[in-house]
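Biologist: Could you take me through one spot in this model up close, and then step back to the chain around it? I'd like one connected account rather than a list.

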Amino acid sequence: MSEEIRVDHVVKKYGNATIIPDMSLQIKNCEFFTLLGPSGCGKTTLLRMIAGFNSIEGGEIRFGDRVINNVPAHKRNIGMVFQDYAIFPHLTVEENVRYGLKQHKVEKQESQQRLEEILKVTKIEEYRDRLPERLSGGQQQRVALARAIVIHPTVLLMDEPLSNLDAKLRVEMRSAIHDIQRKIGITTVYVTHDQEEALAISDRIALINKGEIQQVARPRDLYARPYNTFAADFIGHSDFFRGEMTGSGSKRTVRMNGGCSFEMDNIRSDAPNGKVIVGVRPEEFIIDEQGGLTAQVTKATFLGRYMNYVLAFENADVMDTGEEVELSQDMGSHMTIFGEGEKIHLTLNTKKINIFSEEDQISLIEGVRQYDE
């Protein structure tokens, strides 16, 4: 029986260092929920607190209605999949998967039934008599997943489970994990620093930085409507320009430093006018000879379906984020290819771009929330 997880004002400290100052989350029953963020942001620390491996210095964690702060890890009925698989090298696939059933003292007939079911679901039936040394990395990961799920935990926790696999196998295994989680229907908390991985498999994502939640949202919302500039910059790639906003209600005029201006019709009615940050993803530039932005192509890369350009703007105040300003050109709708040194004229897709307050760097687009419940 799967359960929802509630994290209410949780605090984690190591000595005098506060790793998580005050964090709250609600993870829905049977949801695939991902903790995403840069190294050292606190995502694995939170996962270990949910698992019972780390102490909790403040707040509460609940499985359903049950507070589990002081419940030992082995009594929380969790399944855990680690980065290094942690399967026993001297046991066969079947023996590894059966191990948890023995620990939980599952009756023999039911134990065999569960074993057969999970070997089939994870597609490792044909390897049941093999030792781990004769398995590929992906096959070993499936064994670890089967062993975690076969005990029928209420919560499945996964800590960077694909980081040791090569790129092709990571793509295959993330699809497999997603499919298995759907079939089993279990509340899953997944930790990764790989944004593509998170976008591909999650129902919702909590983006974390320095122990604090930046945004909780569905993958497409996190990408299209980031709550702040950190989210816009961490998820995918965003170029940032300085500008000034005027007007009232949802319809505003944004004038970018350098003279280019455009109209927006989706600004929060209570948003203050003044200095703003214009966030533009590479695919949100529009090549247009009448465009108000002029740039020079400094690098052109052919990527098959797309041309990727690195641009140097002549008449716009580009914020220095340490990254190059990029434009993605869909080759399915454009015949002209620009070479290095050529000038290019651009407008912006105002339905897609994001506007942030310069003061607090929070989105001014209507409907964008920090927490999507």
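Modeller: Let's start at Ile 78, which sits in strand β6, the stretch covering residues 78-81. Keep in mind that this is a predicted model. Is Ile 78 buried or exposed? Its relative accessible area comes out at 14%, and since buried means under 20%, Ile 78 counts as buried.

So who are the neighbours? Leaving aside residues up to four places away in sequence, Ile 78 touches Ala 51, Phe 63 and Ala 73. On top of those, Ile 78 has contacts with Ile 151, Pro 153, Val 155 and Leu 157. There's also a distance to look at with Ile 50: 28 residues separate Ile 50 from Ile 78 along the sequence, and their C-alpha atoms are 9.3 Å apart in space.

Now zoom out to the chain. Of its 373 residues, 50% count as buried, and Ile 78 is one of the buried ones. Strand β6 belongs to a chain with 20 strands and eight helices. If you look at contacts between residues at least 6 apart in sequence, 68% of them link residues at least 24 apart.

As for overall dimensions, the C-alpha atoms fill a box of roughly 75 × 45 × 35 Å along the principal axes. The chain exposes about 17,700 Å², with 47% of that supplied by carbon and sulfur atoms. Last, the charges: there are 45 positive and 55 negative ones, and the mean positions of the two sets lie 6 Å apart.

Key. Residues are numbered from 1 along each chain as its sequence is written. This is a predicted model: local features need pLDDT of at least 70, side-chain atom pairs count only at pLDDT 80 or more; totals for chains, interfaces and linings use all residues. Side-chain values use heavy atoms; hydrogens and water are left out. Helices (H or I, at least four residues) and strands (E, at least two) are DSSP runs, numbered from the N terminus. Buried means under 20% relative accessible area, exposed over 50%, partly exposed in between (1.4 Å probe, protein chains only). Contact means heavy atoms within 4.5 Å. Accessible areas come from the Shrake-Rupley method with a 1.4 Å probe; for residues, only the protein chains shown count as cover. Lys and Arg count as positive and Asp and Glu as negative; His and the chain ends are not counted. The place of a charge is taken as NZ of Lys, CZ of Arg, CG of Asp or CD of Glu.
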